[in-house]
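Student: Could you take me through one part of this model closely, namely how its strands pair up and what packs against them? I'd like the partners spelled out, residue by residue where you can.

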Amino acid sequence: MKQIIILGAGQVGHSLAEALSADGIDITVVDNRAERLAELEDQFDIKTVHGFGAHPSVLDAAGGRDASMLVAVTDSDEVNMLACQVGSTLFNIETKIARVRARDYHETPELFAQDAMPVDMLISPEAIVTSHIQRLIEHPGSLQVLEFAEGRVSLVGVRAYYGGPLVGHELKNLRYDMPGVHTRVAAIFRQDRSIQPDGNTVVEADDEVFFVAAKKNIRAVTSELRKLEKPYKRIMIAGGGNIGRRLAEALSKRYRVKVIERDAERADQLARELPGNVLVLQGDSADDRFLEAINVEHSDVFCAVTNDDQANIFAGMLAKRYGVRKVMSLINRPSYVDLLQSGTIDVALSPQQATVSALLARVREGGTATVHTLRRGAAEAIETVVSGDSRTSQVVDRRIDEINLPEGASVGAVVRDDEVIIPHHDTVIHSGDHVILFLTDRGKVKQVQRLFQPSPLFF
């Protein structure tokens, strides 16, 4: 069995430990805060080691000699990188993953060659969240936009609105309303309960609907579930930290961008360093009089991405009250995410959930290429690459209706070379296919992994 050391029991480490322990993986969490470790031991069946994770003796006590992977996700870039160096040099740990936030390190890739700093994978929560926000802005009306097969397929979550063409009608009407547009509704969540959709399922207003489609068809399918929103033009970003700055730079080429930064010195720095068409405003984004003075109501999108959850929540609520079309707030505390997204704030962004999704694809075996966790980890969307042949695999050269998928799991799309296939019951899976699966119960992940993993014992 694979043995993994997680260095850091903060929010990312906690979320990763939760996900991996649910997968039945043997993990040990290392941290120098005993109270964090005690909390983890109370919640999950895992081992913990108290100490400074980059120290050789501590990694040794955590099982460094037998570990196959080290995932260093403390709040310190330097500690994470040093731990990878120690894990490689002293214990020959095969795979080393480090959470690294500073852009300087990411912009100097030669530092991470195996003969330099032996880090096999760099994780930047800021870059992941920035990409997620960009996709949401590119697809007005969406709650989530997740990409698979190098962007050829997307899983999109939208809230069905009163008046949408499909609301009050059966899903099978999609094929008649949009001839030539191929899509599949992978899941519906109604009042926080999962509904396994079929052709006879009737979509209701306020349903959270996840559909799979080729990227070019997202807008057409969205229009069936809700009134199509006009493209966004004016973006206001509250917070000029790592995420706010990245986001302003990324969006400045296509949108009119304003950045609010509370700290005067940081605001001056941003004004000097950001592209000239980005307007930097110094002030408090959670002050209603300030927001009114800067005409926040003229913004199409308001993104609150400061380091303070409460400030992000309050600023988002104020922006919505002033009439901003779409409000997104960065929420570090996982328990707040689903609670807030069903209310005033349109999208609650969880950097922990996004980071864990990126890590799971690397940690898991069995051809897993991409993992996206949804609804605070209760559901998952997985891209797996099919391998083996009809003698060693339970899925190769078999029709989908012949595959023994567990309840709550469905095949949303198949990517074969450059072709995106929205499958039917008689679609045959081939070796080399990228299969996108949706699981409403992530407890079935191991069962799905075993199903798609070839075995010489299978006849």
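Tutor: Let's fix one term before anything else: two strands pair if DSSP finds at least two bridges between them. Also keep in mind that this is a predicted model.

With that in hand, look at strand 9 (residues 183-190) and strand 10, which run antiparallel and are joined by 3 bridges. For a concrete pair, take Ile188, whose bridge partner in strand 10 is Ile195. Now zoom out: these two strands belong to an open sheet of 5 strands, ordered 7-8-11-9-10, with antiparallel pairing. Strand 7 (142-148) and strand 10 (193-195) each have a single partner strand, so they stand at the edges and one side of each is left without a neighbour in the sheet. From one strand to the next, the twist averages 20°.

There's also an open sheet with parallel pairing, and it has 6 strands in the order 3-2-1-4-5-6. Its edges are strand 3 (47-50) and strand 6 (121-123), each of which pairs on one side only. Ignoring direction, neighbouring strands here are turned by 15° against each other on average. Inside that order, strand 4 (residues 69-72) and strand 5 (residues 95-99) run parallel, with 4 bridges between them. Met69 sits opposite Thr95 in strand 5.

What packs on this sheet? Helix 2 does, touching strand 2 (26-31) and strand 3, and its direction makes about 175° with that of strand 3. Helix 14 (residues 351-363) packs on the sheet too, touching strand 1 (3-7), strand 4, strand 5 and strand 6, at about 165° to the direction of strand 6.

Helix 2 (residues 34-43) also packs with helix 1 (residues 11-22), at an angle of about 20° and with the axes 11 Å apart. That angle makes the two helices roughly parallel, and helix 1 passes helix 2 in a right-handed crossing. On the helix 1 side, the contact is made by Gln11, His14 and Ala17, while helix 2 brings Arg36, Glu39, Leu40 and Gln43. By type, the residues of this contact divide into 2 nonpolar, 3 polar and 2 charged.

One last pairing to look at: strand 18 and strand 19 (residues 379-385) run antiparallel, with 6 bridges joining them. His372 has Ala381 of strand 19 as its bridge partner. Of the 7 residues of strand 18 (residues 368-374), 6 are buried, so this strand is largely enclosed by the rest of the structure.

Terms used. Residues are numbered from 1 along each chain as its sequence is written. This is a predicted model: local features need pLDDT of at least 70, side-chain atom pairs count only at pLDDT 80 or more; totals for chains, interfaces and linings use all residues. Side-chain values use heavy atoms; hydrogens and water are left out. Axes are lines fitted to C-alpha atoms, for helices over the stretch in contact, and angles run from 0 to 180 degrees between N-to-C directions. Angles under 35 degrees count as roughly parallel, over 145 as roughly antiparallel, 65 to 115 as roughly perpendicular and the rest as oblique. A crossing is left-handed if the near helix is turned anticlockwise from the far one by less than a right angle, and right-handed if clockwise. Contact means heavy atoms within 4.5 Å. Ala, Val, Leu, Ile, Met, Phe, Trp, Tyr, Cys and Pro count as nonpolar, Asp, Glu, Lys and Arg as charged, and the others, Gly among them, as polar. Buried means under 20% relative accessible area, exposed over 50%, partly exposed in between (1.4 Å probe, protein chains only).
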